[in-house]
Amino acid sequence: MRTRSGIPARSGPVPTTADPRPAGRQSFFAPVRRLVLGGLLLAVACRLPAVAAEDSTQPPYRPRKFDPDRVGEYLRDEDYAYDRGAVAEAPNLWSRFWSWVGDWLYEHIFKHLFRPGTEDYWRWG
């Protein structure tokens, strides 16, 4: 028997590329193979920047040197004195209230909840 193109038809079973295992099953080594190949890929990808830095002719950084006279100019300039001479202001009533609330909660609740004898309770429930 011939096909339309003139090539003789094959006799016997038709080869398939289907997997002989039932649907949803895969070989035992498929996940292992993926894990090993993924690990190798990750190892190579993580190692590439280090290899490139070692082969480079330029150093990875350029140390900077500051001229002490120029730095002294900036230190003397009042436009750059952002925090020099600043005095911490006294907390206002609202800040003092919330500080008192936090101290009270710590002393009366948290200090007793987390004392040394209760670590097993909080760890295991």
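His112 touches Glu107 and Thr118, leaving aside residues up to four places away in sequence. This histidine sits in helix H3, and it counts as partly exposed because its relative accessibility is 45%, which falls between the 20% limit for buried and the 50% limit for exposed. Please keep in mind that this is a predicted model, so here is a friendly tour of what surrounds His112, starting with its helix.

**Helix H3**
- H3 runs over residues 93–113, and its 21 residues should span 30 Å at 1.5 Å a residue.
- The C-alpha atoms at the two ends of H3 are 29 Å apart, which agrees with that expected span.
- At Tyr106, H3 bends by about 45°.

**Aromatic rings**
- Trp94, Phe97, Trp98 and Trp100 are linked into a cluster by ring pairs.
- The structure holds 5 aromatic pairs.
- When you look at such pairs, the distance of the ring centres and the angle of the planes describe each one.

**The chain as a whole**
- The chain has 4 helices and 0 strands, giving the pattern α-α-α-α along the sequence.
- Of its 125 residues, 3% count as buried.
- About 12900 Å² of the chain is exposed, and 62% of that area comes from carbon and sulfur atoms.

**How far to trust the model**
- Mean pLDDT for the chain is 76, with 68% of the residues reaching 70 or more.
- Confidence is highest in H3, at a mean of 91, and this is the helix that holds His112.
- Confidence is lowest in helix H4 (residues 119–124), where the mean is 73.
- Where pLDDT is low, the predicted coordinates should not be read in detail.

Note on methods
Residues are numbered from 1 along each chain as its sequence is written. This is a predicted model: local features need pLDDT of at least 70, side-chain atom pairs count only at pLDDT 80 or more; totals for chains, interfaces and linings use all residues. Side-chain values use heavy atoms; hydrogens and water are left out. The expected span of a helix is 1.5 Å times one less than its number of residues. The bend at a residue is the angle between axes fitted to the seven residues ending there and the seven starting there. Rings of Phe, Tyr and Trp (its six-membered ring) pair if their centres lie within 6.5 Å; planes under 30 degrees apart count as stacked, over 60 as edge-to-face and the rest as tilted. Buried means under 20% relative accessible area, exposed over 50%, partly exposed in between (1.4 Å probe, protein chains only). Accessible areas come from the Shrake-Rupley method with a 1.4 Å probe; for residues, only the protein chains shown count as cover. pLDDT is the predictor's confidence in each residue, from 0 to 100. Contact means heavy atoms within 4.5 Å.
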